[in-house]
Amino acid sequence: MEPNRVTDASAPARAAQSDAALVQVRGLRTVLGGKTIFDGIDLDIPRGKITAIMGPSGTGKTTLLRHITGQLMPDAGEIRVDGINVPTLSRNALFDLREKIGFLFQNSALLTDFSVFENVAFPLRQHLRLPEEIVRNIVLTKLQAVGLRGAAELMPSELSGGMARRVALARAMIRDPMLILYDEPFVGLDPIALNQVLKLIRTLNDTLGLTSILVAHEFAAVSRAADLVYLIAGGKVVARGTPDELTRADSAWTKQFFGGDADGPVPFQYPARDYATDLGFPPRMQPERAA
Amino acid sequence: MSAVRKEPSRIADALAQIGACGLFLFQILGAVPKSLRHIKETVRQIWFVGAMSLVIIMTCGLFVGMVLGLQLYYVLSIFGGTAALGTVVSLALYRELGPVVTALLFAGRAGTSITAEIGLMRATDQLSAMEMMAVDPLAYVAAPRFLAGIIAMPLLACVFNALGIFGAHLVGVTWLGLDNGTFWSNMTSSVDVWKDVVNGVWKSTAFGAVVALIAVFQGYTTPPTSEGVAYATTRTVVFSSIVVLALDFVMTAFLM
Amino acid sequence: MTQRRSYQVGTGLFILLGFTALAYLATQTTSVANFSQGDSYTLNARFTNIGQLKLRAPVKLAGVRIGSVESIALDPTKLEAQVKISIDKRYHGLPDDSSAAIFTSGLLGDQYVGIQPGGSPDMFKDGDEFVLTQSSMQLEDLIGKFLVNGSPSQKPADGDAPPAKDAGKPAAPPSDTNKH
């Protein structure tokens, strides 16, 4: 809305309309490479909350994030971010929208050519002509928030996985976005780094009045941070609720996913021909053997 | 079974690649105005693809010139025409060897590094990250490297030519005792600025564009795996060599 | 920041080096080095045959380059080649009865216009025309003549006549062949 918004001036306005969902997904259908990823999904991401999207591997959680940011166009359905239908946007309008969205990539995606400082400063330098002094102050403030002000002059190759993720987080929020998307932020982190990132996600969301979408597998971690959890499986939303509700829910999906059973609605076996047939036994031998 | 199905699709794949590369050229050209905002990035890329290739270009230029000097001196002496050494060496360099050899070296030195770098950026989501930061990677990554190739290539070819002539002079005049005045005067009387030097510059500019385009395209469209990046760098060298030599023939036919 | 600056300085040096090389090649190793396209004046010359003479071919006097061929056209009425020659202003003292001829440098080299100075006290002025010109020597003619003259036993009178007629038009070539 305000293209040169640097500080978060629109926070009160946002709080006023917090009843409406910031992201609304309606009837989303996606087919990728002949495989149906989403088969009519409806989602509401409430403002000011942390919403976790969970589900078995390969259910397209990352694809959903790519839909929300317009990197990937769906085959059918509506995705409204702050009232704007993303799939209909032109490239320029999409870029305008993305300036208000922060995205934390699974592998941090820091630019290898630039130092930590320049990485965090990158969005500022690209979009705003600010005096060097102000850039420096903003960047150092954000780096302080993620606890890496001392690492400003390091190169990305010198960072550990957890540090890189925190730098990427600082970069994602450098322009005070209205929405931050976290793609698997806990993957490959040791418990200490995981807790640091978790705490950051929670505090940033609360102090800056952001809306966060969190894609993750780790239910233990998610349940400590998320306000709302969507469980997606088989191209549909199979469960929705607070972490507490979901652990107590009486559905086969939630039981398998949160209980961590190897077999269940998500089968242990990849769909295959009959086992005996595959091994070369004639099909009719099976009943004989059984008898 | 799969081999039968693959055969026709392989030709279609090749056609699709060429088509995609052509479309990519238009995308890059469309992004060039936007990339002027990132002019510093273009400067940095000229440094990487141009200045960093200087050592190999200069070394190879010197040796190519020396070999040419030696070989042609021997052949020309059969006809008693060693006086034409300067002319023949400089014409060979300006018209063909300078642009072509520089382009091949450029593909091997700068093209591969462009492909590998962009492929790695793709594999580590850096390109997607730029998109998410509302920075067009076409304008910030692809176009500057493309422009840098166009700008750096003719300059490198000129350096190559100068070193080549120096090498031929070293062999012909300093070692084999050809008269210095004859060497230069024969060269200057038969080499034409427009027909030879400037046409060579056009050629190398076109080669620079082709090599940079192929390198950027291969990096940009590589599958984001380490294997994909490895194949893409190989393809950069193979494709740009073929295209440079084919284009050389076409341009020679037109410019002559 | 300092890192960024050093890139820019390095790139600047590289571009400078490239253009220096181009300037060096263009000025020191080409015909530009011999003849600066400075002030010049033009003369016209008519030839019955210019052979392989090309634009920008050198114009030499006593072997020294003094100008270049500016344009080549066919005179539609006289059916002769009309060659415009531009000559450096420094060489303004050419007698107006000088003659122009088309020579070949070396056995198979490029062709150029050679000027033989005359003895007239008056000098050429801009736009003047050469009165005396001598056309290009055609290698084919020479070979034809050589074959005919060199094999007297084979061909009787009727074989001798047609080539002589072909080559007979310019009067000078036979004497030239003897000289060589």
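Hi everyone, this is a short walk through chains A and B of a predicted model, with a stop where chain B touches chain C.

Let's start with chain B. What is its secondary structure made of? The answer is 9 helices and 0 strands, so to speak a run of α after α from the N terminus on. Along its principal axes, the C-alpha trace of chain B spans about 65 × 50 × 30 Å. Chain B has 256 residues, and 52% of them count as buried. If you look at contacts in chain B with a separation of 6 or more, 88% come from residues 24 or more positions apart.

Now please find helix H8 of chain B, residues 193-221. How far apart should the ends of this helix be? With 29 residues at 1.5 Å a residue, H8(B) should span 42 Å, and its end C-alpha atoms are 40 Å apart, which agrees. There is a bend in H8(B) as well, of about 25°, and you'll find it at B:Asn199. Is H8(B) mostly covered or mostly uncovered? Mostly covered, with 21 of its 29 residues buried.

H8(B) also brings us to the neighbouring chain. Between chains B and C, 26 residues of chain B are in contact with 24 residues of chain C. On the chain B side, the elements that give two or more residues are helix H2 (39-50), helix H6 (137-175), helix H7 (180-190) and our friend H8. Which of them gives the most? That is H6(B), with 7 residues. Sorted by class, this side of chain B has 16 nonpolar, 6 polar and 4 charged residues.

On to chain A, where we do meet strands: its secondary structure comes to 12 helices and 10 strands. Chain A has 291 residues, of which 36% count as buried. For contacts in chain A between residues at least 6 apart in sequence, 63% join residues at least 24 apart.

The piece of chain A I'd like you to zoom in on is a hairpin. Strand E1 (residues 21-32) and strand E2 (residues 35-46) of chain A run antiparallel, joined by 9 bridges. Within that pairing, A:Val25 stands opposite A:Leu43 in E2(A). And what happens at the turn of the hairpin? There are 2 residues between the strands, and A:Gly33 takes a positive phi near 55°.

That's my tour, thanks for listening!

Technical notes: Residues are numbered from 1 along each chain as its sequence is written. Chains are lettered from A and ligands numbered from 1 in the order in which they are written. This is a predicted model: local features need pLDDT of at least 70, side-chain atom pairs count only at pLDDT 80 or more; totals for chains, interfaces and linings use all residues. Helices (H or I, at least four residues) and strands (E, at least two) are DSSP runs, numbered from the N terminus. The expected span of a helix is 1.5 Å times one less than its number of residues. The bend at a residue is the angle between axes fitted to the seven residues ending there and the seven starting there. A residue is buried if 20 or more other C-beta atoms lie within 10 Å of its own, exposed if 12 or fewer, and partly exposed in between; C-beta atoms are placed from the backbone. Two residues are in contact if their C-beta atoms, placed from the backbone, lie within 7 Å. Ala, Val, Leu, Ile, Met, Phe, Trp, Tyr, Cys and Pro count as nonpolar, Asp, Glu, Lys and Arg as charged, and the others, Gly among them, as polar. Two strands pair if DSSP finds at least two bridges between them.
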